[in-house]
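Student: Before the discussion of individual features begins, I should like to see the structure itself.

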Amino acid sequence: MWRFLSTRIAMGALTILATTVLVTLLIHAVPGDPVQIMYAQSQGTTPEQIEEVRRSLGLDRSIPVQYAMFMERLLQGDLGTTIRGGQPVLDVILQRLPNTLVLACSAMFIAIVIGIPIGFLAAYREGSLVDTGLMILAIAGISMPHFWLGLMLLFFFALELGWLPVSGNGPLNLILPALTLGLSNAAIFARLTRSSMIDVMHQDFVQTAYAKGLPKSLVLRRHVLRAGFLPVVTMMGLQFAFMMGGAIVVENIFSWNGVGRMAVEAIFQRDYPVIQGFILTFSVVVVVVAIGIDALYAVLDPRIRRA
Amino acid sequence: MTEMRTKSWRTAAAIGLAAGLAVPAQAADIVWARYGDIDTLDPHRATSTLSLQVWSLIYDTLLAVDADGNPVPHVAKSWTSNEAGTEYTFSLQEGVMCHDGTPLDASDVKYTIDQAFSETTPSVTKGSWGPITGAEVVDPLTIKLTLDTPFVAMIPFLADSFSSIICDSNADAEGFGTTTAIGSGPWKLISWTKGDRIVLEKNADYTNFGKLADNPGAPYEDGLIIAVVPEPQARYAALTTGEVHIAEPPFDDVPAIKDSGDLNIIVAENTGQNVFWEFAAHRPPFNDKRARLAVAHATDAATAINLIYGDLSIPEMCPVSRGVFGNDQDFCAQYRPEYDPDKSRALLAELGYSDDNPLETALLVWTGGNRQKLGEVFQAQLAEVGIKASIEIMDIGSLNARVRQENENTEGTTGSMDMMTWSWYDPDILYALWHTPGAYRGYTSPELDAILDETRVLTDPDARKAKVQEAFRYLLENAIHVPLYTPGWEWVFAVRPEVEGFKVAPFVYPIFSDVKIGG
C-alpha cells in the first residue's frame, strides 16, 4: 500500500511541476503584458517608467529566467506579490481558497446525495418508466449550462420568492451556487451509477449469488454496491476537479469570493504571479484529491494495491 | 454613546465578514455594488478607475473639480506660482483631521510627494505628477513645490485622486494599502475583504471645502459598503430585492428599467472618456492621409451611437472629451471630417480603390459595453463606401498589445484601425498618445511634437488653450485621432427610489456625502 501511495505522490509532484511549466509558457503566449494593461486607457506614466516597472517585476527577463525566479521563490515558500496592488499572492489565494473548497465540497455532497440514489434506483428498476423518467431528468441536468441554471435559480429563489440573498459570502449565500454546481454533477453521477450498477448486476458472480439463494437486499448491498461503486469513486475525483473549474462561472454569477473569480480577473490583467499561484494551488488540490481517490480505490479493490 | 455602538457593530460586521459570515447591511448603510474590486488602498500602487473611485472617498486631495471639470480649491484653500511656472505654493485649510485624529498639514502633503518620488518604490503615476524636484514645508499650513521645468498639467492632477493625500501616520501603521488606509476624506476604512467588499464608515469630523457635494460636512448616512457583484444580472436582481442601493445595471436592460420607473438611472457626465478611430499609420493604406479621411467621412457616429446607446452616450467632436480643458465642440466641428460618403468614395477612387479592389482593413474592438454591436454598425457604414473592415473583438490587454504591434508593423498592404478608448482629466493625454514615441507607437511628427511640447509649459490658460486647440486641429485635419463619442464605459448607475442625493462628479467619481436613504 505504501509503495502504491508513494508512486502516486511522486507522479502527482511531477504533474504539478509539468503544469507550472506549461502555464508559464501559455500565459506568456497571450498578447499584452501586465504593466501595459495597468496603464492602459489612462495616461498614468512615461514610457521610461513603464520600462522601469517592467524591470522591477522581472518582466524584461526571458521566460525561462522568469520561471526559474518563480521556482526559486516557491522553494522558499513565497509565491511572489501581485502585480496589481503589490500584495502577497499567498495571502490573496489563502483568503479565497477556503470559499472555493467549501463551494466544491458542498456541491459534491449535493451531487452524491442526489445523484447516486437516483442512479441506483434507475438501475434497480432498469427498463421501467421510472428508469426512463429519471434518465431523461439526468440528461436534462447534464445539458443545462451552469450560467443558465444559476441565473434561473437566482431569479426564482432570490428574486421571485425572496428566500435567499442574491450575492455575498455567508452560509445562506452558499445554497444557490452549491445547488447550481451540484445539480448538474448529480445528473452525471446518476447516469454513471446506473450504468455501472447494471453492468455489475449482469455479471456472473451476482447471478451466482442469487443462485445460492441469497436475498436480493444482501446481494445488492454486499456484491453489487461494492463492485459498482468503483467507477463512481473514480468519477468523484475527476468531477471534483471539474467542480473547482466549473466554480469559476458559478462564483461569478453569485459573487462568491473564490479563487476561480480571482483567476479570471488575473488572466484579464495578465497578473502572472497570481495566475501561477492559482494554477499551482489548483493543481495541488486536484492532485491531492486524485491521490485520495486512488487510495480509496485501493481500499475498495485489493487488486489495485497489489498491482 | 451612539457612535460607540455604531463602531462596535461595524467592527463586529468586519470580523463577521472576515470569517465569511453573512452580515446584513444595517439600515443606515449605503450599499453600492460594482463589477470588480480595487487593486489596492495605496494611491501610489494602481491606476484603475475602480481603485480611484474608492480612494476619492477615503482620501482628500489638495484641489477638487467643479461640475465642469475645472480645478478648484479644496484642502489647499489657495495657490500661487512664480512666473516661470516652476514654483507652486499651496496654502492649506486649518483644522483638517486625518482619520486617526492627527491634524493634516504640510508634512502630510510632503510625505505623499516623497512617497510618489521614492527611489525604491515610486508611484506608478510618478510621470503624471510632473518634474517635481522638491516639496518644502514652509510652515504647517504652507507647502512649496519646486519643478524642474514648467508642467501645467500638475494642477488638474492635484484635483484627481491619483494625488490623494496620504497621512504620514500610515508610515507607522501596519498593512498600509491592504488593511490600513488613513486619509482625511468623508469616509473611513473599516475593512477590505479582497474580491468581496469594502466597509466604510462616515468621518463624523469631515468638512467639505471644495468637493462636488452640497453637504458641507460629514456624510448623512453612517456607513457605505462597496460590494463586488461581477454578474450584471445579479446586480440587477440585488437592486430589485433591495440588497443593493446603487449599481451598474445590465446594459441591455437600461431602457426597460427606465420604462418601469422602479429604479432611477443616472448617467455620469464629463467622464473624460474619449472613444476614437486610430490607424496603423506606418504602412499602407493608412500611411496616406486620404485613406484615413475616407474612413472618417464614411463614419456616421451620431446615427450609430443613437442606434446602440440611445441617449446614454453622445457624439464627441474633440480629441479630448467634454469636461477636459480645451474641449470646444464648435471649434472641433470645424476640423473634424464630417459624415460625407460621397467625399469618402471620391478619396477611395483617388487612391485606386474600387468595388473589385476594396480598401481592406482589420477593425479592432475592445470587448464589452456593447462596443461589438457598435463596431458592426460602423462596419456596415464603411461597407457602404466600399471599405471592407473585418471586426476583431478582444479584451483590453490583447487590444493594447495588438494595436502597438500593428503600428510597429511597416510591411503589408492590409490596414489596421481600432476603436480606441482613453480617459484623462487633462489634454496632456494627447502628449502620451501622440508625442514621439507615442503610447502605441502610432502616428508622430516633429510638427505635432513641437505643439504638444508647448501644451505642457504654457502657464497662461488662454495661451495654453490656443496651443491645445492647435493640437486638436492637427489631429483632426490629418485624421489621426478621429473622435467618435463620449462617455465610453462604466457610466450608468441604477439607483433605488428610496435613495436621494446620489450624484456622479466629473471623471466618474460617485459622491455619497449627500446620499440619504428614505423609508
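Tutor: UniProt positions are given in the numbering used here, feature names are shortened, and annotations may be inferred rather than shown by experiment. This is a predicted model, in which local features need pLDDT of at least 70 and side-chain atom pairs count only at pLDDT 80 or more, while totals for chains, interfaces and linings use all residues. Residues are numbered from 1 along each chain as its sequence is written, and chains are lettered from A and ligands numbered from 1 in the order in which they are written.

Student: Which residues of chain B does the UniProt annotation "domain: Solute-binding protein family" cover?

Tutor: According to the unreviewed UniProt entry, that annotation covers residues 70-426 of chain B. Helices (H or I, at least four residues) and strands (E, at least two) are DSSP runs, numbered from the N terminus. The span 70-426 of chain B is 28% helix and 25% strand, and its end C-alpha atoms lie 10 Å apart.

Student: In what order do the 4 strands of the open sheet in chain B stand?

Tutor: Two strands pair if DSSP finds at least two bridges between them. In chain B the order is E4-E5-E7-E6, with antiparallel pairing. E4 and E6 (132-139) of chain B are at the edges with a single partner strand each, so one side of each has no neighbour in the sheet. From one strand to the next, the twist averages 20°; axes are lines fitted to C-alpha atoms, for helices over the stretch in contact, and angles run from 0 to 180 degrees between N-to-C directions.

Student: How many bridges join E4(B) to E5(B)?

Tutor: Strands E4 (residues 76-81) and E5 (residues 87-92) of chain B run antiparallel and are joined by 5 bridges. B:Trp79 has B:Phe90 in E5(B) as its bridge partner. The hairpin of E4(B) and E5(B) has 5 residues between the strands, and B:Gly85 there takes a positive phi near 75°. At the other end of the order, 6 bridges join E6(B) to the antiparallel strand E7 (residues 142-147) of chain B, and B:Glu136 has B:Lys144 in E7(B) as its bridge partner.

Student: How should the packing of H7(A) and H8(A) be read, and at what angle do these helices pack?

Tutor: Angles under 35 degrees count as roughly parallel, over 145 as roughly antiparallel, 65 to 115 as roughly perpendicular and the rest as oblique. Helix H7 (residues 146-160) and helix H8 (residues 171-201) of chain A pack at about 135°, with their axes 9 Å apart. H7(A) and H8(A) are therefore oblique to each other. Residues are in contact if their C-beta atoms, placed from the backbone, lie within 7 Å. Among the residues that meet are A:Leu149, A:Leu153 and A:Phe157 in H7(A) and A:Leu176, A:Leu179 and A:Leu183 in H8(A).

Student: Which residue between H11 and H12 of chain A has a positive phi although it is not a glycine?

Tutor: A:Arg270 has a phi of about 55°, and this residue lies in the loop between helix H11 (259-269) and helix H12 (272-300) of chain A. A residue is buried if 20 or more other C-beta atoms lie within 10 Å of its own, exposed if 12 or fewer, and partly exposed in between. A:Arg270 counts as buried, because it has 26 C-beta neighbours inside 10 Å. B:Phe507, also not a glycine, has a positive phi of about 65°. With 28 C-beta neighbours inside 10 Å, B:Phe507 counts as buried.

Student: Where is the cis peptide bond that ends at B:Pro285?

Tutor: The cis bond runs from B:Pro284 to B:Pro285, with omega near -5°. B:Pro285 is in the loop between strand E13 (273-279) and helix H8 (289-298) of chain B.

Definitions and conventions
Two residues are in contact if their C-beta atoms, placed from the backbone, lie within 7 Å.
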